[in-house]
Every structure is written in structure tokens, then in C-alpha cells.
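Student: I have a model open and would like to go through its pockets and its core. Can we take them one at a time?

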Amino acid sequence: PWARVREGRIESGIDPPLMRVDEGLIAIDGERLELIGCRGVLGGESAGTMQVPFTLGFSIDLLAAAEADLAWSQRQDAFDQVLQTAPFVLDLAIEDFGTVPVSATAGPEAIELPLVAARILEKLGARAWELGVELHVEREPVLGYRRDEPVPGAITQTGRLRLRNGEGAYFRFPYPLADVRGELRFAGDEVEIVELRGRGPTGADVAITGDLLLPRGDVAVDIRIRSEDLPIDEHLVAALESGPRRLVEELFAREAAARLDGLGLLDGEEGPFPFGGTVAVDLRIEQDLGKDAPLITTGTIAVDGNGVLLEAFNYPVVTGDGLIRLEDERIVLEPPGIPFTTPGGGLGVVSGSIDIPRRQDPETGSRSRGFEPHLSIRIPRDRPSAALLATIEPPAWIATPESCPRRWGDLVEATGSIGIEGVLRPDPDGGLD
């Protein structure tokens, strides 16, 4: 089967496109028909579709038709039987062709491809590309006869896709990538992503490997996504599954950072606060067949030199070298925890884990994630600062909330050193304490 792809989406249920053969050889010897070295273009006969260059080799066994004891008037029946049962080999190569152009008057043009290639492009979210497709289709010999009718052998389909200059966002990790290049191989419904590599919006190098299973109307995935310098930004947050996404939002509280920045409390004596920064990720994303199958994200996130501002403790700190391990329903700060430096020059560590249990509403059936941290924060020795005072809940008599941090600094002149120990845990009302 074939499908039409337009702007990364499939328009299925179409007839195979017409092929215009510009050159090639037809050979027949009474037992076998062969098309040798055929070259031309396919598609383009429908409005809004583009032509694609191809090469084709084809061989089919005609011996069954040649030996069929049928009258001349039944020759069409014999030929139909050959097409339905005879062993054959087909090799189709769609040669490298460029991005589907956009027409100013008729909108984006579509391309007609074998269904398996079209489905791969759809799952990759590919909206632009330079693509090459190699397809090998083979029918095995007749298995036997039932009521004097031949039972056809199985048809197998294998091939590969080569991608260059691609743009898109993989549907189970929709992080936008450009300059995507790589290779995928397929056999039936099974697809191996040998490797896809592309650049993120800020230039981060991202590699994708793994496997897809694409039976009709369903999909299963098992892929790995790796990058050494992925920025903590809105693109990463949007691409993550809900559990890991909540972790990033809690560690890098953007609204709190904007508030402290507006009060002049974010940047320190050593320069601008490096809020967010980049991380090294090694993620595995899995999902079984079935519309209710959960999406599971596991792997590691390595931090070093990241500006962190906890949603529950708005104290801007900069991490040292640490590792966060993602499990399906748990996030672990690998022992001994993640070290950090405070604005006052203190050295601290945050350790522990976060439970992210899957939940389902018994009435509506809607699904969500819990977020239950069990974290310990320890700073043995720190110097008091305006940023530290800003983390203390002010009493009601101190002016307006916006001015509270400054008012603490006006009211309190703290010197010397201070030690801090605390825990972050769920409270009985479902919030954080």
C-alpha cells in the first residue's frame, strides 16, 4: 500500500501512483518476466503532488501460467492467478530528492510513498527533508494447493531510509531538530533507527537510536535520546513526559527567577546568575502497543554548573557535578547528592528522591502524576545575604509582598555565618512542606 504525505501528515487510502518509465529493459523467456534497469518518475499526476525519481528491478515467475491448462479465452484468469500467487522479487529505489516545496497559490505539495516510509516520516514529525528510500519486496513460492487453488507464499518487505537536512520533532519526544541526518531500516512492521542526529534550537547536538513497531493503527516505541549539552528551556520542558517535566519545573522555577531578578537579588558578586544552563541527558522512552499503554521515561540527567532555583525554596544556587536518575515512578538524586554553591559562598548538598506515582481518577478516568519529594538540603556554613533573607516568609506587617525581600534587607543586618538544614516533603493537603 501507498500513502500521500503532506506537511508531515499521512493522507492514506490512495491508489499506487503511476510510474513513467523513461528507460529500461523488459525480458521474458516463457518462465520469467523481468524488468531490468527501469528508471523514471512516479507520482505527480494528482494536483498538489510532486514527481519523484525512481529506479526499479522486478522479476516474476510465469511458469504457473505457462503450464496452466486453460483455454485462450481464459488467459486473463491465468494472468490474474499469476499476479496473486506467483513468487516475485521487486527492488524499488526512490532516489534522493529534496524538501517538498510550498506553492504560494496551492499550499504545500504532497509526496506519494510506500506506506511504511510514509508512516516513519509521520512518526518522526518530518516536515522537510532530503530523502532516499530503498524497498525490497518478495513473495515466497506457492505453499501448496487447496481445492486445486494455489496458496500463495508470504510477502516480506524490507528496506531503509536515508535522511539528510531534515526538520521535525519525534512524536514521543517532540524536541524540535534541524539538520537531521541518519538512517533507518525496516522489515515488515519493525523499524530500527540506526541513528538520527540533529541540532536543537540553540545548536545542541541530539542523537536518537532505537526501535519502532508500526502495525496498522498502532505503534510501540523503545528509543534512546542522548545529548551532552541540552539547554534547560521551554523546548525541553515541552518535550518531556509529565513526571520528568515536573522535576525540571521544580528545579528551575522561572517565575521565581524573574521575581528575584526584578528585585536585583538574582545576580551575585561574581557575575550573572547562570539560571538553567545545559545538561547531559541519556533517556530511554518506551511505550507498548495499545491506546492505554503508558509512556515510560527512564535514564539520567547530569548537571554541572547549572543555576537552580527551587520552586519551594527560592534560594539561587549553582550546582556542582551531580547525577539525577529517572525511574518510571521515582526520581533519585544519586548519592551522595548534588553539591551546590550559594550566593554567600557556602557549599551545600541536596539529596534524596522524588516519588512520581501514576494516578487515575476513578470517575473521569483521567491520568496524572503525583509529585512527592523527599529531599534533604544541607548547607553547613553560609554567609547571610539578601538572597537568603528573601527565602524567609515575611510577617504580615511588612508592607507589600513585592517589597518584602528588600524590607528584610532593610530591617535585618546579619553578619557572621549560618548553617542551614531542611527537608522538602509532601504535606497532608497535597502541597509541599
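Student: What is the volume of the second largest pocket?
Tutor: This is a predicted model, in which local features need pLDDT of at least 70, side-chain atom pairs count only at pLDDT 80 or more, and totals for chains, interfaces and linings use all residues. Residues are numbered from 1 along each chain as its sequence is written, and side-chain values use heavy atoms, with hydrogens and water left out. A pocket is an open set of points on a 1 Å grid over the protein atoms alone where a 1.4 Å probe fits, with protein on both sides within 12 Å along at least five of seven lines. Grid points are joined across faces, edges and corners, and the space filled by probe spheres set on them is the volume, here about 530 Å³.

Student: Which element supplies the largest share of the lining of the second largest pocket?
Tutor: Lining residues have an atom within 4 Å of a point. Strand E21 (313-319) and helix H7 (386-389) each supply at least two of them; helices (H or I, at least four residues) and strands (E, at least two) are DSSP runs, numbered from the N terminus. The largest share is three residues, from E21.

Student: Which element gives the largest share of the lining of the largest pocket?
Tutor: The largest pocket has a volume of about 730 Å³. Of its 28 lining residues, the closest to the centre include Leu 115 and Val 116. Five residues, the largest share of this lining, come from H3.

Student: Which helix gives the largest share of the largest nonpolar core?
Tutor: A nonpolar core is a set of buried Ala, Val, Leu, Ile, Met, Phe, Trp, Tyr and Cys residues joined through side-chain atoms within 4.5 Å, where buried means under 20% relative accessible area (1.4 Å probe, protein chains only). The largest one has 93 residues, and Leu 113, Ile 120 and Ile 324 are among those with the most contacts inside it. Its largest share, six residues, is from helix H3 (residues 115-123).

Student: Why are the buried residues of H5 on the same side?
Tutor: In helix H5 (residues 242-251), the buried residues are Gly 243, Pro 244, Leu 247, Val 248, Glu 250 and Leu 251. The arc is that of the directions from the helix axis to the C-beta atoms. They lie on the same side of H5 because the arc they cover is only 165°.

Terms used. Buried means under 20% relative accessible area, exposed over 50%, partly exposed in between (1.4 Å probe, protein chains only).
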